[in-house]
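Q: Please take a close look at the surroundings of the ligand and describe them in one connected account.

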Amino acid sequence: MKTENNNQRGFWGSRLGFILAASGSAVGLGNIWKFPYIVGQNGGGAFVLIYLACILVIGTPIMLAEFTLGRKTQLNPVGAFDQIRPKSAWVGIGYMGVLAGFFILSFYGVVGGWTFAYVVKALTGAVLAFPSPKEAGAFFEIFIGNTGEVIFYHALFMGTCIAIVLRGVHGGIEKACNVLMPTLVIILFLLMFRSLTLDGAMQGVAFYLTPDFSKISANVVLIALGQAFFSLSLGMGCMITYGGYLSQKENLTSSTIYVVMFDTLIALLVGMVIFPAVFAMGLEPTEGPGLVFSVLPTVFAGMPLGQGVAVIFFILLAIAAITSGISLLEVVVAYFIDQLGWERKRAVLIVGGAIFAFGVPSGLSFGILADVKLLGMNFFEHVDNLASNYFLPLGGMFTAIFVGWVWGTQNAHQEIEKHENKFGFPWAQCWEFLIRYVTPVAVGIVFVAKILP
Ligand code: PHE
């Protein structure tokens, strides 16, 4: 145990607290905002199947690898790789992870800010004033182009994450997630019930559940893979960092399964809320990033107690974003605390401030910087694409190779089986096979296919 920094680092108070916090990291805008619009743009059911395959074969084994690496080293990603293979090139993967955390939070905070704004706009009734998603969508686009408003809410979101992470792991992150996560689930079920009972909802269910494989290309598979990493918070050491606050007694395999199932169920559930509504409203599922912000307000507007439900929904979206935002911030903060010996307070304030500043151009990417494009993408899209579609899958692939071949599955196995936790036949063998062969090869193939013309 690294005693000198332990008081600055922290710990989870209970097993449930850890699972909720790790699920809080996993469940976020990736599930509620990104998943439905990516499914919509990439062909519906077939994409969902490929996504599920990525979760099962690639995501789950890597999550276990990250938890194990984290619990073993009790460090941030840079420190973790460095402790096991000191002064080797492997720390580069850790650095890429910390950088990915920085990048992701910079644009994540912008969208988090949108959700804050929509809480306010639901309270005032502004978002419910539109008879159709078209008008609601236009309203959304005007809003995200408004410099002052976007930056204000972006700052508010980052300020909230900073305030929670300042209080540390147990008192801040865990306490927040304990309340926020269960509430989220209840609300989603209510919304799904409402969506499914709209006229024409079944067409949406069909789009969502019937696979049409003609829409699948290498690029679509890469997007599904990137989404699996993003949604499970993998490939950048977030789960290494969170695993580092775990007690030695904890069962890593069952924790992995809980978190993966929770994250996947929420994403699937959100699809069951959005697509029935999209089709019932006669909207195109290919709408893009505005999907949740334009479709749902119209659904709310047409239902009894709609305004209350709208307020609650956007509060929950904001909550899901916060519990993920704090995990992103914590990775970068943990790096400064462990590796550079900074105090938590200093690390949180400086890192949080820097991420906010770097996020500003992303915030303006749909307004005054909308025409500043490189290769057809604005600043926001570039940061998202680089971090989500390259850093995360590459980070995940190298983490798998590291645990499978360099540190070795034997050592990982020992860590997993600490304190009489069983990891036996056939699961251990299955995991070993996946992490050593399947995961690295699958990610590698997707990359090569993407790079080839
Ligand atoms: N998993 C989060 C989401 O789905 C985003 C995230 C990615 C959080 C990577 C931490 C690390 O919204």
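A: The account below goes from the ligand shell to its polar contacts, its enclosure and an aromatic pair. This is a predicted model, in which local features need pLDDT of at least 70, side-chain atom pairs count only at pLDDT 80 or more, and totals for chains, interfaces and linings use all residues. Residues are numbered from 1 along each chain as its sequence is written, and side-chain values use heavy atoms, with hydrogens and water left out.

The ligand is surrounded by 15 residues (a heavy atom within 4 Å), and the closest are Ala-26, Gly-30, Tyr-108, Phe-230 and Ser-233. The shell holds seven nonpolar, eight polar and no charged residues; Gly counts as polar here, and Tyr and Cys as nonpolar. At least two shell residues come from each of helix H2 (15-26), helix H3 (29-41), helix H11 (218-231) and helix H15 (306-340) (DSSP runs of H or I, at least four residues).

Polar contacts (N or O pairs within 3.5 Å) involve the backbone. Oxygen atoms of the ligand lie 2.9 Å from a polar backbone atom of Ala-26 and 2.7 Å from a backbone N or O atom of Gly-30. A ligand nitrogen is 3.1 Å from a polar backbone atom of Ser-231. The protein covers 100% of the 320 Å² of accessible area that the ligand has on its own (Shrake-Rupley, 1.4 Å probe).

Helix H3 also takes part in an aromatic pair (ring centres within 6.5 Å; planes over 60 degrees apart count as edge-to-face). There are 41 aromatic pairs by this rule. Trp-33 and Trp-114 have ring centres 6.4 Å apart and planes at 85°, so their pair is edge-to-face. Because Trp-33 lies in helix H3 and Trp-114 in helix H6 (residues 91-123), this pair ties together parts 81 residues apart in sequence.

How values were computed. Polar contact = N/O pair within 3.5 Å; in protein donor to acceptor, adjacent residues only side chain to side chain. Phe/Tyr/Trp six-rings, centres within 6.5 Å; stacked < 30°, edge-to-face > 60°.
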